[in-house]
Amino acid sequence: MTRKQRQSTTFEDKKKIFIVDDHPIVRDGLTTIINHEKDFEVCGQADEAREAFKAISELKPDVVITDISLKNSDGIELTKNLNARYPTLPVIVLSIHDELTYAERALRAGAQAYIMKEVASENIVTAIRTVLGGEIYVSNKMGKKFLHKLAGSKVDTNSTPIDSLSDRELEIFRLIGQGYKPSKIAQSMHLSVKTVETYRARIKEKLNLADADELLRYAIQWVNSTSKT
């Protein structure tokens with residue numbers, strides 16, 4: 001085999017990674033880390049779910065890395081759609097949002113890994129190798145929580161009223177906490193304003209909140225407490 005053939009084979013054997021994140025700095029940072037590995041390459045990027053889904057169908061990556069909060073979309077919903085269309089495609093969810101709230105939801109949606117952004121530079125390569133090997137990657141903290149749940153532990157000190165919300169309700173709750181009005185939420189999630197109001201009513205009922213003002217205050221407090229900046 002000639003040197004040129006060896007180089008060609010090495011390039012073709014590289015695992016392709018696709019990144020979905022609405023922050024260019026994050027995408028560039030991940031790209032630098034991933035491309036530093038001899039057997040990995042970032043094959044594409046997107047900042048929202050629809051663009052990502054289209055590009056993924058064309059580029060056929062080996063792994064997708066997605067944030068939860070995307071431009072005009074939701075990474076959990078993207079993960080569900082990818083899992084339905086490409087059930088063998090590993091998805092890694094990378095987020096600033098508290099893993100105690102989102103990690104299990106991400107895995108239920110079809111993700112194979114959940115990583116907090118604050119430790120992504122240290123763990124992203126390990127996570128990619130782990131999911132390519134067919135395994136699940138989460139933090140030790142989340143791993144212990146899942147083991148306790150599997151063992152039937154009746155005590156869950158991390159359980160909160162937020163856990164009662166569905167994925168769609170939680171996404172709307174998060175957007176409320178970020179200051180989005182019902183019309184903007186409807187636009188970003190491709191829903192009608194009436195549907196958003198129905199979800200808001202369900203959220204208030206589940207969280208035992210009296211009115212819209214109390215919902216807003218609680219949502220803002222929750223977003224501030226769970227977002228790691």
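Which residue of β2 is the bridge partner of I17? It is V42. The legends below describe close-up views of a predicted model.

**Figure 1. Overview of the chain in the predicted model.** The chain is made up of 11 helices and seven strands. Of its 229 residues, 44% count as buried. Among contacts with a separation of 6 or more, 65% are between residues 24 or more positions apart.

**Figure 2. The open sheet, with five strands in the order β2-β1-β3-β6-β7.** Pairing in this sheet is parallel. Strands β2 and β7 (113-116) form the edges, each of them pairing on one side only. From one strand to the next, the twist averages 20°.

**Figure 3. Pairing of strand β1 with edge strand β2.** Strand β1 (residues 15-20) and β2 run parallel and are joined by six bridges. I17 has V42 of β2 as its bridge partner. Strand β2 spans residues 40-46, and five of its seven residues are buried, so β2 is largely enclosed by the rest of the structure.

**Figure 4. Pairing of strand β6 with β7, and two helices that pack on the sheet.** Strand β6 (residues 91-95) pairs with β7 in the parallel sense, over four bridges. I92 stands opposite A113, a residue of β7. Helix α2 (residues 24-35) packs on the sheet and touches β1, β2, β3 (63-66) and β6. The direction of α2 makes about 165° with that of β2. Helix α3 (residues 49-59) also packs on the sheet, where it touches β1, β2 and β3. The direction of α3 makes about 170° with that of β1.

**Figure 5. Packing of helix α2 against helix α6.** Two packed helices are described by the angle between their axes and the distance between the axes. For α2 and α6 (residues 120-132), the angle is about 55° and the axes are 10 Å apart. At that angle α2 is oblique to α6. The two helices make a right-handed crossing. On the α2 side the contact is made by L30, I33 and I34, and on the α6 side by S121, I124, V125 and I128. By class, six of these residues are nonpolar, one is polar and none is charged.

**Figure 6. Helix α5 and its packing against helix α8.** Helix α5 covers residues 99-109. Nine of its 11 residues are buried, so α5 is largely enclosed by the rest of the structure. The buried residues are E99, L100, T101, Y102, A103, E104, R105, A106 and A109. Just after the helix, G110 takes a positive phi of about 120°. Helices α5 and α8 pack at an angle of about 140°, and their axes are 12 Å apart. The two helices are therefore oblique to each other. The crossing in which α5 passes α8 is left-handed. T101, Y102, R105 and R108 of α5 meet D167, L170 and R174 of α8 in this contact. The contact has four charged residues, two nonpolar and one polar.

**Figure 7. Surroundings of T79 in helix α4.** Helix α4 spans residues 75-85 and includes T79. The relative accessible area of T79 is 0%, so this residue counts as buried. Apart from neighbours within four places in sequence, T79 is in contact with T66, V91, V93, A106, A109, G110 and A111. Of these partners, T66 lies in the range given for β3, and V91 and V93 lie in the range of β6. A106 and A109 are among the buried residues of α5, and G110 is the residue with positive phi just after α5.

**Figure 8. Surroundings of F173 in helix α8.** F173 is found in α8, which spans residues 167-177. With a relative accessible area of 0%, F173 is buried. Not counting residues up to four places away in sequence, F173 touches I162, L165, I203, L207, L215, Y218, A219 and W222. One of these partners, W222, is 49 residues from F173 in sequence, and the C-alpha to C-alpha distance between F173 and W222 is 9.2 Å.

Definitions and conventions: Residues are numbered from 1 along each chain as its sequence is written. This is a predicted model: local features need pLDDT of at least 70, side-chain atom pairs count only at pLDDT 80 or more; totals for chains, interfaces and linings use all residues. Side-chain values use heavy atoms; hydrogens and water are left out. Buried means under 20% relative accessible area, exposed over 50%, partly exposed in between (1.4 Å probe, protein chains only). Contact means heavy atoms within 4.5 Å. Axes are lines fitted to C-alpha atoms, for helices over the stretch in contact, and angles run from 0 to 180 degrees between N-to-C directions. Angles under 35 degrees count as roughly parallel, over 145 as roughly antiparallel, 65 to 115 as roughly perpendicular and the rest as oblique. A crossing is left-handed if the near helix is turned anticlockwise from the far one by less than a right angle, and right-handed if clockwise. Ala, Val, Leu, Ile, Met, Phe, Trp, Tyr, Cys and Pro count as nonpolar, Asp, Glu, Lys and Arg as charged, and the others, Gly among them, as polar. Two strands pair if DSSP finds at least two bridges between them.
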